Amino acid sequence: FILLSLQRTPTLVFLLIGIYGAISMMPIDPKLSAILQKILIAVSLFTIFLVLAKLTAGFVRLSSQRIEGLSVSLLSNLAQIFVLTLGLLITLQTLGIEITALIATLGVGGLAVALAFQDTFSNLLSGLFLIVSRQVKRGDYIKLASGEEGYVHDITWRNTTIREIPNNIIIVPNNKLSTAIFKNYHLPFKEIILQIPVGVSYDSNLEKVEKITVEVAQIIMQTVAGGVPEFEPFIRYQSFEDFSINLIVYLRVNEFFDQRLVRHEFIKQLHNRYREEKIDIPFPTRTVHFKNKE
């Protein structure tokens, strides 16, 4: 990124040096020459700060990559804006412009700008809050109360982008996300418990059903990508329903997306094993009795 930051800079530096030398050697009015030289110095100084801003943004990006889930765009842009603003103020000071009065003027004007761009500043501050609070990070899988869900792609100065499983992008303003009710499937840990409901017939031997079901679940945990091999799966019987005894199978997966494959393989293998062991998964049935009025 250092080479990218310095791209085209040598050309500009040599051009400024050439212009500065030409002004020094040309027979022009000394006052005009001094003004032009001061302008060139100011341009050179601002060019240095421009390179520093790019370098700072690059260092922020590198640091962000070392911290899992930290947003890159917002922090790097803010760092670049800060360095450029500092460079502009120093350049104006070099030109002899009193920046104290300018800062005071900008403070009053900034209040008017803040009121005019209230939504923009609200999104910016909300984005910073989301990053600092670590309630949602880049790479987290979240589901909004409104139903949208997906992986957090990035948090920018204005909005948060969420990538759905089909690879579509959802754009949510930061101030909306910071006040929204949402579920983060990666907090406090990425691993989640997968619950799969199963129903067996009333004629089943429940001890045998538990043994067979746990055996299949253990195989899934050991062999299917996304399962947690160290986890000991278990079942809990839930209720007596109209046509079946219902139970819940508890498995563990590495992260939210892994549950799809684990669920898929578990249902296939459990169905085959139940068929081999003559364990019936009943269809919904109703028994109707007609009362004889005679």
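Helices and strands are here DSSP runs, numbered from the N terminus, a helix having at least four residues and a strand at least two. In these terms, Pro-188 of this predicted model falls in the loop that runs between β5 (182–184) and β6 (192–200). The peptide bond that leads into this residue, from Leu-187 to Pro-188, is cis, with an omega near -5 degrees. Most residues other than glycine have a negative phi, and most peptide bonds are trans.

Backbone angles of note also occur at two residues that are not glycine. Asn-167, which is found in the loop between β3 (159–163) and β4 (169–173), has a positive phi of about 80 degrees, and this residue counts as exposed because its relative accessibility is 52%, where the cut-off for the exposed class is over 50%. Lys-278 has a positive phi of about 60 degrees and belongs to the segment after α9 (259–276), the angle being taken up just after the helix. With a relative accessible area of 74%, Lys-278 is likewise assigned to the exposed class.

The helix that precedes Lys-278 was examined in terms of its length and its two sides. For the 18 residues of α9, a rise of 1.5 Å a residue gives an expected span of 26 Å, and the end C-alpha atoms are 25 Å apart, which agrees with that expectation. Gln-259, Val-262, Glu-265, Phe-266, Leu-270 and Tyr-274 are buried in α9, and because these buried residues fall within an arc of 155 degrees when seen down the helix axis, they line one face of the helix. The elements against which the buried residues of α9 pack are β6, α8 (206–223) and β8 (245–253), whereas Arg-275 and Glu-276 are exposed on the other side of the helix.

Contacts between charged side chains were then considered, and a search of the whole structure finds 7 salt bridges. One of them involves Arg-273 and Glu-215, whose closest N and O atoms are 2.9 Å apart. Since Arg-273 lies in helix α9 and Glu-215 in helix α8, this pair ties together parts of the chain that are 58 residues apart in sequence. Salt bridges that share partners join Lys-208, Lys-211, Glu-215, Arg-273 and Glu-277 into one network. Glu-215 counts as partly exposed, its relative accessibility being 25%.

Within the same network, Glu-277 forms a salt bridge with Lys-208, with 3.6 Å between the closest N and O atoms. Glu-277 lies in the segment after α9 and Lys-208 in helix α8, so that the pair connects parts 69 residues apart in sequence. Both partners are partly exposed, Glu-277 at 24% relative accessibility and Lys-208 with a relative accessible area of 34%.

A further salt bridge is formed where the side chains of Arg-252 and Glu-191 meet, at an N to O distance of 2.8 Å. This pair links distant parts of the chain, with Arg-252 in strand β8 and Glu-191 in the loop between β5 and β6, 61 residues apart. The loop that holds Glu-191 is also the one in which Pro-188 lies. Glu-191 is partly exposed, with a relative accessible area of 33%.

Two other sites complete the description. Gly-147 lies in the loop between β1 (141–144) and β2 (149–155), and its relative accessible area of 38% places this residue in the partly exposed class. Although 35 residues separate Gly-147 from Phe-182 in sequence, the C-alpha atoms of the two residues are 9.1 Å apart in space. On the surface, Phe-82, Leu-86 and Ile-90 form a nonpolar patch, with about 290 Å² of accessible area together. Ile-90 is placed in helix α4 (residues 73–94) and, at 33% relative accessibility, counts as partly exposed.

Key: Residues numbered from 1 in each chain as written. Predicted model: local features only at pLDDT ≥ 70, side-chain atom pairs only at ≥ 80, totals over all residues. Heavy atoms only, no water. Buried < 20%, exposed > 50% of the residue type's maximum accessible area, 1.4 Å probe, protein only. Expected span 1.5 Å × (residues − 1). Arc of directions from axis to C-beta. Contact = heavy atoms within 4.5 Å. Patch = residues over 30% accessible without salt bridge, like charges linked within 9 Å, V, L, I, M, F, W, Y side chains within 5 Å. Areas by Shrake-Rupley, 256 points an atom, 1.4 Å probe, with all protein chains shown as cover. Salt bridge = Lys/Arg side-chain N within 4 Å of Asp/Glu carboxyl O.
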